[in-house]
Amino acid sequence: MAKSLEIRFLFPLVLFLVLCVDGKRFNNNGHKMRKGRWEGKLKMNFYHKSCPKAEEIVKEIVSKKVAENPSLAPKLLRVHYHDCFVRGCDASLLLDSVAGKAASEKEARPNLSLSGFEIIDEIKSILEKRCPKTVSCADILTLAARDAVSYEFERPLWNVFTGRVDGRVSLATEAARDLPSAGANFTTLQKLFAESDLDVVDLVALSGAHTIGTAHCGVFGRRLLNFTGKGDTDPSLNPSYASFLKSECSDKSLRFNSSAVVGMDPTGPLTFDSGYFVSLLKNKGLFTSDAALLTDPSAAHIASVFQNSKTFLAQFGRSMIKMSSIKVLTLGDQGGEIRRNCRLVN
């Protein structure tokens, strides 16, 4: 018993030290980064000479839009997530399908509910007038996601390293294959994240993005109505929370695609905080992939530590820097370009 208590006491301390060390991976000007696939490629203030107002323009437009409609913050963040996990952060998700060619990532089932593309289009249009063929759609999306989430804090929550160029290939089949699913178990999630050089701390921290935004009832309907194929409810789901979800979603909306939605974090869908983890530890994670974090001892311990908002926000920023650097293309890399229109290759 004493040994068990000792381990439980030491783990948060060890994790805290790990996070602190991890946090020294980047200094304020983006130098002395720990070796990785993208070292030397991206840097802070990449456009300070070629388009000095680029980041300011992105922030101004995004801040105005989020002030008018706070639900845009999770939407832009989700677009960024879905882009980075397929071919890396190359804005391939922004490409529209072209007649006579294979469907683009936008057409993949997990991406059909995405929105906010028009915000990126607006920013790109302005930047093309100010600095033609200079600022990539991939960098715009990365900056927009950060600025959208940071708006409520009136300060940037993490640094964005820029210098990406845009990819020319976008395939719905790859999105269907590579995107983490809301129904995934822990083993699958860990494997998908590891393939992108993201560890278990990143997995848990980035799952915390579910603290804002909504989800269509049909996405989690099986957990409530037919978990094992016998008309049952997932036994890992908090009974009171399951009842609440059933009261918010009709049977029809749970079984089929519909416009009905609920907040992903029962403590509030518009405030970016540790409420997701507080709810998760009470078995109120909305998706199977949320509940899956509690099936792994290490992930469950990390989730417990992230109930502290300050700790969560600090690590979320670090993990976002890592995620937004997945397989980036930069000037000189084959297959990359600076698109003039984010929806079309040049």
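This section describes the annotated sites, one buried helix and one helix pair of a predicted model.

The UniProt record, an unreviewed entry, lists His82 under "active site". His82 is part of helix H3, which covers residues 72-84. The relative accessible area of His82 is 14%; because buried means under 20%, His82 counts as buried. Leaving aside residues up to four places away in sequence, His82 is in contact with Leu93, Glu105, Pro110, Asn111, Leu114 and Leu179.

The same kind of record entry, again unreviewed, gives Thr211, Asp265 and Asp273 as "binding site". These residues span 63 residues in sequence, yet no two of their C-alpha atoms are more than 9.9 Å apart, so they gather at one spot.

Thr211 is found in the loop between H8 and S2. With a relative accessibility of 0%, Thr211 is buried. Residues up to four places away in sequence not being counted, Thr211 touches Asp265, Gly268, Pro269, Thr271, Phe272, Asp273, Gly275 and Tyr276. Two of the annotated binding-site positions, Asp265 and Asp273, are thus among the contacts of Thr211. With Asp265, the link includes a polar contact between the two side chains, at 2.9 Å.

Asp265 occupies the loop between S3 and helix H12 (275-280). Asp265 is also buried, at 2% relative accessibility. The contacts of Asp265, again without residues up to four places away in sequence, are His210, Thr211, Asp273, Gly275, Tyr276 and Ser279. Asp273 therefore appears in the contact lists of Thr211 and of Asp265, in keeping with the gathering of the annotated residues at one spot.

Helix H9 (residues 217-225) contains the buried residues Cys217, Phe220, Gly221, Arg223, Leu224 and Leu225. Several elements contribute to covering these residues: strand S2 (214-216), helix H10 (239-248), helix H11 (251-255), strand S3 (261-263) and helix H13 (288-292) are included.

Helix H8 (residues 200-207) packs with helix H15 (residues 309-323) at an angle of about 110°, and their axes are 9 Å apart. Because angles of 65 to 115 degrees count as roughly perpendicular, H8 is roughly perpendicular to H15. On the side of H8, the contact is formed by Val201, Asp202, Ala205 and Leu206. H15 contributes Phe312, Gln315, Phe316, Ser319, Met320, Lys322 and Met323. Sorted by class, the contact between H8 and H15 comprises seven nonpolar, two polar and two charged residues.

Key:
Residues numbered from 1 in each chain as written. Predicted model: local features only at pLDDT ≥ 70, side-chain atom pairs only at ≥ 80, totals over all residues. Heavy atoms only, no water. UniProt positions renumbered as here; feature names shortened; annotations may be inferred. Helix = DSSP H or I, 4+ residues; strand = E, 2+ residues; numbered from the N terminus. Buried < 20%, exposed > 50% of the residue type's maximum accessible area, 1.4 Å probe, protein only. Contact = heavy atoms within 4.5 Å. Axes fitted to C-alpha atoms, helices over the stretch in contact; angles between N-to-C directions. Parallel < 35°, antiparallel > 145°, perpendicular 65-115°, else oblique. Nonpolar A, V, L, I, M, F, W, Y, C, P; charged D, E, K, R; others polar. Polar contact = N/O pair within 3.5 Å; in protein donor to acceptor, adjacent residues only side chain to side chain.
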